[in-house]
Amino acid sequence: MNLFDEERRNPSEPDTEKETWVDRRTWLTGAVSMVGATAAGLLTPALLPAEEGESVRPTHVPGRSPSPYGVRAQGETVQRLPTATHSLTPHHALHGIITPSALHFERHHNGVPSINSDRHRLLIHGLVDRPLTFSMNDLVRFPSVTRTLFIECSGNSGKEWKGPTGTTVQETHGLMSTSEWTGVPLSTVLAEAGIKPDAVWMLAEGSDAAAMTRSLPLAELVNDALLCYAQNGEALRPEQGYPLRLVIPGWEGNTCIKWIRRLKLGTAPFMTREETSRYTDLMPDGTAKQFTFVMDTKSVITSPSGGQQIDPGFVEIRGLAWSGHGKIVMAEVSTDGGKSWHTAQLQEPVLPKCHTRFRFGWRWNGDETIIQSRCTDETGSIQPTRAALVAARGVHSFYHYHAIHSWRIDRRGAVTNGQV
Ligand code: CO
């Protein structure tokens, strides 16, 4: 019998060879699906009905020609979860640390503007020696910098303050993503205009229909911030700020102003809407903290996570850890609701102010349990328990929730949001 005879065989005919073969290997359960006894059966499970446009025998039909811009494979349908104001990254379905640009989370304050990069300008004025206007061509000519960085909305996991609210990791932690960002250092561009000595704060303004504006302390950001025109090797996506976005490594996503058109230097914060009524942190005593920029040490298990299903036996626990203070030095996993902790393996590359992938091999015995992760960064900052975070911050805040996250696994292997 050659390879293709096997494919043509009537599937309803009993196959003694196959049954014996599978029988001898009953220990191989779960991870590997046994579709047939021969190489042809294993290579092309032809008994599955073909989808429209799919080659059941790709070796028999020439494939399609090269195309000018790639699309993902038919049948790959992982997507963002969009609402009117934001969309969430599907971390349960992603690998490594880079978020595909098309799946990077979004948060818009009045929609995505359509901007022609030829007409776009960046104005620098206020307390500078020479007010200047830059075209995109001007900015791209400066020496460039590329960094792989996370951006996290400070509202990421914000609904978890009130209790276990999100069903999936996309809902609880989808307002964060990681990209390779390329641009010109902010310091290079400001040096062209000349910073006056009394300039301490910088207003950054977007050219969206909300004219998103934030005040930023110059000394803290000037060495690290980038004016980015590229993401993952190509021009920014419109929803990520095309043609120009301010990226401040480790700071709340809202400060990474998209569609940026104006920088004004001044002596004091400008007290815009987004730093007075919004993006402030309500404390238990009723006061609110302003200008809390750095995203704290945080991690989450992305698999297994809410909405997924596991089987007893080997399970690789996978997740992401990150800190706006610097590099992750340790990720730990608990499989008994926080009673004991095991050091997880950090997957290279481990970069400052970037998602770090961790993994931990676990054998699930089929008992109900809770799995958690926590991490430590290079400054010694450790992700807090929910109890510790709530003791310090109460439950009436919305931004900067970074407590240890719990996934409950029931006896059937179903995973749900299980705050402890
Ligand atoms: Co904040």
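In which loop is Pro349 found? Pro349 is found in the loop between β20 and β21, where helices (H or I, at least four residues) and strands (E, at least two) are DSSP runs numbered from the N terminus. The peptide bond that leads into this residue, from Glu348 to Pro349, is cis, with omega near 0°.

The structure is a predicted model, in which local features need pLDDT of at least 70 and side-chain atom pairs count only at pLDDT 80 or more, while totals for chains, interfaces and linings use all residues. Residues are numbered from 1 along each chain as its sequence is written.

The protein contains 8 helices and 24 strands. Of its 420 residues, 36% count as buried; a residue is buried if 20 or more other C-beta atoms, placed from the backbone, lie within 10 Å of its own, exposed if 12 or fewer do, and partly exposed in between. Two residues are in contact if their C-beta atoms, placed from the backbone, lie within 7 Å. Among contacts between residues at least 6 apart in sequence, 70% join residues at least 24 apart.

Strands of a sheet pair through backbone hydrogen bonds, either parallel or antiparallel. Here two strands are taken as paired if DSSP finds at least two bridges between them. An open sheet of 5 strands has the order β5-β4-β13-β8-β9, and its pairing is mixed. The edges are formed by β5 (132-135) and β9 (213-217), each with a single partner strand, so one side of each has no neighbour in the sheet. On average, neighbouring strands of this sheet are turned by 20° against each other, direction ignored; axes are lines fitted to C-alpha atoms, for helices over the stretch in contact, and angles run from 0 to 180 degrees between N-to-C directions.

Strand β13 (residues 260-266) runs antiparallel to β8 (residues 201-206), to which it is joined by 6 bridges. In this pairing, Gly206 stands opposite Ile260, and Glu205 has Arg262 as its bridge partner. Strand β4 (residues 121-126) pairs with β13 in the parallel sense over 4 bridges, with Leu123 opposite Arg262. Arg262 of β13 thus has a partner in Glu205 and another in Leu123.

A further open sheet, of 4 strands, has the order β16-β17-β21-β20 with antiparallel pairing. Its edge strands, β16 (298-303) and β20 (345-347), each pair on one side only. The twist averages 35° from one strand to the next. Within this sheet, β17 (residues 313-322) and β21 (residues 356-364) run antiparallel and are joined by 9 bridges, and Leu320 stands opposite Arg357 in β21. Arg363 is also found in β21. This residue is exposed, with 9 other C-beta atoms within 10 Å. Leaving aside residues up to four places away in sequence, Arg363 touches Gly313 and Phe314. The C-alpha atoms of Arg363 and Val315 are separated by 5.9 Å, although these residues are 48 apart along the chain.

Most residues other than glycine have a negative phi, and most peptide bonds are trans. Besides the bond before Pro349, the peptide bond from Ser303 to Pro304 is cis, with omega near 0°. Pro304 lies in the loop between β16 and β17. A positive phi of about 45° is found at Ala211, which is not a glycine. Ala211 lies in the loop between β8 and β9 and is partly exposed, with 15 other C-beta atoms within 10 Å. Phe291, likewise not a glycine, has a positive phi of about 55°. The loop between β15 (288-289) and β16 holds Phe291, which is partly exposed, with 16 other C-beta atoms within 10 Å.

In soluble globular proteins, nonpolar side chains tend to be buried together. A nonpolar core is defined as a set of buried Ala, Val, Leu, Ile, Met, Phe, Trp, Tyr and Cys residues joined through C-beta atoms within 7 Å. The largest such core has 64 residues, of which Leu139, Leu226, Leu227, Leu246, Val247 and Ile260 touch the most other members. Strand β17 supplies the largest share of this core, 5 residues. The core lies between domain 2 (86-289) and domain 3 (298-417), because both give residues to it; the domain bounds come from an automatic or database domain assignment. Apart from this core lies another, of 5 residues, among them Trp161, Leu389, Tyr401 and Ala403.
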